[in-house]
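Work through the exercises below with the structure open. Each task is followed by a stepwise solution.

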Amino acid sequence: MSLYHETASILDGDAPTGGNLRSRVFNNKDIKSPRGQIYALAVETCKWSSVLAEVVDNSQLLQCERKLTPVLALLLVHDLLLAKGGIALPVSHGLRAAIERHRSRLTAEFTRARIRRKCSSVSALAEHVEALLHSTSKHPRWIRVNTLKSTLDDQLATTFDGYQRAASVQDVLAGPAKLIYVDEHIPNLVAVPPRFDFAKSGAYKSGAIILQDKASCFPAYLLDPQAADGDVIDGCAAPGNKTTHLASIVHSRNQAAEGALHAKIYAFEKDAKRAKTLEKMVTTAGSDGITQIHYGHDFLKVDPADEKFSRVGALLLDPSCSGSGIVGRDDMPDLHLPAAAGTKTQTKTQKSAKVSASKKRKREDDDDAEPEKILIDDDGNTTVASSEKDLKARLQALSDFQFTLMLHALKFSAARKATYSTCSIHAEENEHVVLRLLQSDIAQQRGWRILPRDAQVKGMRDWPVRGQVDFCDGDMQVAEACIRAHKDDGRGVMGFFVAAFVRDGQQDESLVPEIRQVQKVPNQPAYELDSTLTGSPPADQSSSLLSSDSKAGGAGPPELGAGSGDDSDWGGFDD
Ligand SMILES: C[S@@+](CC[C@H](N)C(=O)[O-])C[C@H]1O[C@@H](n2cnc3c(N)ncnc32)[C@H](O)[C@@H]1O
């Protein structure tokens, strides 16, 4: 099958793999053409499809070439008109011939489509197409200024020179203007319209700015490590958005605490390949001086009573999760189709066809809509749970894993603060984990409690979206203490959850031997999370902990997010 047939079958939704475009291409074992080429062709054709559909219709291509399907026609016309090398097929190939015999008519219609859009050149048309793509976006581009390398004022005067200050995120999203919004909750965070790509900017390459969703900045800010908290652990660190955010805060506190022992960050990442990504991000961000990376190191295998970590007062845990709050990754791009051969052509009112299998969209339209069944692993690979029961089982397994990791964090002898976060929308991974932790033996023995809203750092106290009371067994205080973010509520953020735990720490010394003992107890039974969730090998049982708490979960840690994806097409440090 040619590149064009294979790409058409992906866009037609015939591919055996579900989920977003990326996983349909990269997880499809049957594909013969280079995956990167298929992906790029599909993305570009979708982007240009409103123009190309008009060109195909007005040139009557489908009426003349009955063997072409609408999607094939779009793909081939895209390459004829816009690809550097033209159609990637031999001159004698039937598909290429079917398009090239209409070359002059297609080119003329393309010029007319450009003029209709009042664009003086093809590059002006490309800008117009790009702007259109983002015009309905509900999400700005969030950018964190990395204070280890720069300041907000410096960046406003350089990278964002020419941008007008906006009063709200909604203003940034509303118009075509170059607007910038300085966030009211998270320090050193700005939002700009999504069509502006900063990945090629000098500031991004030098680590002065980091592309990070606002909600993803909540954990490090909520943890609020102070000089008195000593060292900090990031237990699930790659790719490093939160580690580098932590580093900028810890660094500023180190500077302020003259003469005191400077705090360090210990960053653990179980997956060796992802740990290299972490290293790259930490180095670029200038955080390497205060961050010690533990490559391929399972956080659950760290002894909480180890002398090396005796100064760790704060921990940030952001474990692998269903990824159901991530924006855009579960969608197929819009594809505008030409009218099919034999039907009346539509030139002005193109029908926007979402050429995904679009089961999700259908569900949203149904009255009795089912909950989201899409799960995304740490590498962005998507799996769709086959049934409600399947989804529940997977969420429970994730919940057990997250609980086990977090419980481990609460055992560190000098720890006084810890945050727990996910980019999931599901209660099982969020409020339910918090409730279970609060009821755990470790929390009760060591005096861990949830950090109430009124004791939180100002921006988090002011953030209005809180945990759901019905997910917290009706406990209003716990719900208020939990922080949520919803992906489509107009605030321009991803779906997210975070809660902080604190304790006064009178009981810790007496507990150290007990913590050590917990480490030595034999393994628990295998974890029940099935590896199809992540495409990872079966669970490593050797790191299971046995405590009354982990028994409650009936589980040790699964291998989550461990190298199941292909990092070769890793696109930077964006969320
Ligand atoms: C959601 S991602 C973390 C994202 C990261 N905090 C950030 O903001 O860039 C979860 C990471 O935890 C790692 N992980 C999962 N289980 C782990 C464990 N037991 N020990 C250490 N890392 C683990 C995964 O490989 C993955 O890279």
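**Exercise 1. State the accessible surface of the protein and the share that belongs to carbon and sulfur atoms.**

Solution. The model is predicted. Step one: the accessible surface comes to about 24,000 Å². Step two: carbon and sulfur atoms hold 51% of that surface.

**Exercise 2. Describe the protein by its helices and strands, its burial and its contacts.**

Solution. Step one: there are 22 helices and 17 strands. Step two: the protein has 575 residues, and 55% of them count as buried. Step three: take the contacts with a separation of 6 or more; residues 24 or more positions apart account for 72% of them.

**Exercise 3. Check the span of helix α5, then find what its buried residues pack against.**

Solution. Step one: α5 covers residues 70-82, which is 13 residues. The expected span is 1.5 Å times one less than the number of residues, so α5 should span 18 Å. Its end C-alpha atoms are 18 Å apart, which agrees.

Step two: 11 of the 13 residues of α5 are buried, so that the helix is mostly covered. Among them are Val-71, Leu-72, Ala-73, His-78 and Asp-79.

Step three: the buried residues of α5 pack against five helices and a strand, namely α1 (3-11), α3 (35-58), α4 (61-64), α6 (94-100), α7 (103-116) and β10 (335-336).

**Exercise 4. Is Arg-117 buried or exposed? Locate it and list its contacts.**

Solution. Step one: Arg-117 sits in the loop between α7 and α8 (122-134). Step two: its relative accessibility is 19%. The cut-off for buried is under 20%, so Arg-117 counts as buried. Step three: leave out residues up to four places away in sequence; Arg-117 then touches Ser-50, Val-51, Glu-54, Leu-125 and His-128.

**Exercise 5. Analyse the shell around the ligand.**

Solution. Step one: 23 residues surround the ligand, and Lys-242, Glu-269, Arg-274, Asp-298 and Asp-318 come nearest. Step two: the shell divides into nine nonpolar, six polar and eight charged residues.

Step three: turn to the polar atoms. A nitrogen atom of the ligand lies 2.7 Å from a side-chain N or O atom of Asp-298. An oxygen atom of the ligand is 2.9 Å from a polar backbone atom of Asn-241. A backbone N or O atom of Cys-236 is 3.2 Å from a ligand nitrogen atom.

Step four: taken alone, the ligand exposes 610 Å², and the protein buries 96% of that. Step five: α13 (241-256) and α16 (388-409) are the elements that give two or more residues to the shell.

Notes: Residues numbered from 1 in each chain as written. Predicted model: local features only at pLDDT ≥ 70, side-chain atom pairs only at ≥ 80, totals over all residues. Heavy atoms only, no water. Near = heavy atom within 4 Å. Polar contact = N/O pair within 3.5 Å; in protein donor to acceptor, adjacent residues only side chain to side chain. Areas by Shrake-Rupley, 256 points an atom, 1.4 Å probe, with all protein chains shown as cover. Helix = DSSP H or I, 4+ residues; strand = E, 2+ residues; numbered from the N terminus. Nonpolar A, V, L, I, M, F, W, Y, C, P; charged D, E, K, R; others polar. Buried < 20%, exposed > 50% of the residue type's maximum accessible area, 1.4 Å probe, protein only. Contact = heavy atoms within 4.5 Å.
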